[in-house]
Amino acid sequence: MCQVSRRSVFGAAGALGVAGAAGIAAGRITAPETVAGTPRTDDGVIGRTYSPYGEHQAGIFTPKTQVSDLVAFDLLPQTDKAALGRLLRTWTGDVVALTEGRPAAGDFAPDMAQPGVSFTALIGFGSGVFELDGLQAKRPAGFQEIPPMEHDKLDERWNGGDLLVWVSADDATSVSHAVRRFVTDAAPFATRRWTQRGFWRSVDQSGTPVTGRNLFGQIDGSANPRDDVLMDTVISHDDWLSGGTQLVVRRIEMDLAGWDEAVRDRQEASVGRRLSDGAPLTGGDELDDIDLEAESDGEPIIALDAHARRSHPDHNSGRRMMRRGLNYTHDEWIDGEPVETSGLLFCAFQANIADQFIPVQRMLDQGDALNEWTTAIGSAVFAIPPGFQEGGWIGEGLFAG
C-alpha cells in the first residue's frame, strides 16, 4: 500500500512504538524523506497523503498518527472463502479511495473524505479465516493465539476476531467516518466484535516529530529495531504472507493511581530508563542501548527485574519485535458508578508470533517489575497480508492456488 524506500522505513521506525508488555522508552524520529514518491516539504508526520499501493500495507512503517481505531470482526456463518474474497475486494476499494482522499463507492457522506489527513487502513486476518474450507492449509508458520499468562486477566470483550481493520488518521472525524464505511460494507459478511480507540501525541509543541509518551509518562519506543534488523524482525517470507507480517494486539490496563504513588526512583528502576528523556539509567541518549553489565557499588545499575533488562534481546536469544502502541481511556458504568480505565493498546509486529512474541512475553510474565502496575485484559492475533499494486486487492495471495 504505501511505497517507501528502505531508507524511509528506517527513518520512520523511531516513531512507531512501545517497548515490552506495557511499552517503554523513546526517541525523536526523522520523517520519511519521501512518501510514495512525493518529495518531503517539511519535517512533519501529520497532514500527509500516502499511496495505497506498495510492497507492504500502510500503517506498519508509516509514522504514527494522532488517532486510531482498531476494529475486529466475526465472520457470519454463511461467509465462505468466496464471500470473504468479495469482502476483501470491496474493502480494497475503500482503502484506495479513502487513502487518496476520495469518497468510497456508495458513501452516503462523500464530503467527509479528504486528502492530507495521514490516513491509513491496515487489514488483517484472525484465526477464524484459516478455519474456512479451502484455507486451512494457508495458516502461516508460527501464527497462533497467545497462550494464557499468569498475570493475564483477559476480558472476552477485547479478545479475538476473524478480521481486523486498523484505521489511523490525524483526527477522530476522519477515523470515525472511515470505520463507518468499513463496517457498512462488511455487513453482509461479518459483524463487528470490538472497537478499540487509541491516541498518540507524535509531535512536540513546535510540530517536530517525537516518539511520544504512554500514560505512565514514559517516552515510548527507543528499543524498537532499526536498520536492516527492522525488516528481518517484522517481514515474513512465508508463502502467500511474504511481504506481510504477524500482529499481536494486547489491551494493557495500567494502574495509574498506583503508579503515581511510587517515587520517581522506583518508577525509573522498574523500567531501566529515565522518565525525563528515555535514556538508559546507565547513561547516554534516548536511542542508546542499556548496558546490562554496568554496576554501581557491586550492584547492577539496571535492576534484574527491570523491564528493559527482561525484554532485552540479549536475555531472549536475540528475539525482537516492532511495537506500535497507542494510549487509551475507557469509561463505563459498574454497579451504577462511573469507572474510567486507562492503558495501552500494545501492538507488536513480527515475522513469527510463536518464535518471537510468545517467548519474550513469557520472560516478562515471569519477572517484569512493571507487572505490579500493568495487566493484560485483551488479546488478539492477526496475519497482516502484504501490500498490493494497482489492479490488485488485499489478501489476493491467500486465494491463489
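Twelve is a number to start with: this structure holds 12 salt bridges. One caution before the details. This is a predicted model. I'll take the chain as a whole, then go through several of those bridges.

So, the chain. It has 401 residues, and 58% of them count as buried. Its secondary structure comes to eight helices and 13 strands. Now the contacts. Take those with a separation of 6 or more: 79% of them are between residues 24 or more positions apart. On the outside, the chain exposes about 16100 Å². Carbon and sulfur atoms supply 48% of that area.

Back to the charges. Side chains of opposite charge can pair when their charged atoms come close.

First case on my list: Asp69 and Arg197. Their side chains meet in a salt bridge, at 2.5 Å from N to O. Look at where the partners sit. Asp69 is in strand S3, residues 67-75, and Arg197 is in strand S6, residues 190-199. They are 128 residues apart, so the pair links distant parts of the chain. Is Asp69 buried or exposed? Asp69 is buried, because its relative accessible area is 5% and the cut-off for buried is under 20%. Arg197 has a relative accessible area of 34%, which makes it partly exposed.

Next, Asp152 and Arg250. This salt bridge comes in at 3.0 Å, N to O. Here too the pair links distant parts of the chain, with the two positions 98 residues apart. Which elements hold them? Asp152 lies in the loop between strand S4 (120-125) and strand S5 (163-169). Arg250 lies in strand S7, residues 245-254. As for exposure, both Asp152 and Arg250 are buried.

Now Glu100 and Arg102. Their side chains form a salt bridge as well, at 2.9 Å from N to O. How exposed are the two partners? Glu100 has 31% relative accessibility and counts as partly exposed. Arg102, at 37%, also counts as partly exposed.

Last item: a network. Which residues does it join? Salt bridges link Asp74, Glu156 and Arg193.

To recap the pairs. Asp69 is buried, while its partner Arg197 is partly exposed. Asp152 and Arg250 are both buried. Glu100 is partly exposed, and so is Arg102. If you have the structure open, start at Asp69 in strand S3 and go across to Arg197 in strand S6. Then turn to Arg250 in strand S7 and its partner Asp152 in the loop. That's my tour.

Notes: Residues numbered from 1 in each chain as written. Predicted model: local features only at pLDDT ≥ 70, side-chain atom pairs only at ≥ 80, totals over all residues. Heavy atoms only, no water. Salt bridge = Lys/Arg side-chain N within 4 Å of Asp/Glu carboxyl O. Helix = DSSP H or I, 4+ residues; strand = E, 2+ residues; numbered from the N terminus. Buried < 20%, exposed > 50% of the residue type's maximum accessible area, 1.4 Å probe, protein only. Contact = heavy atoms within 4.5 Å. Areas by Shrake-Rupley, 256 points an atom, 1.4 Å probe, with all protein chains shown as cover.
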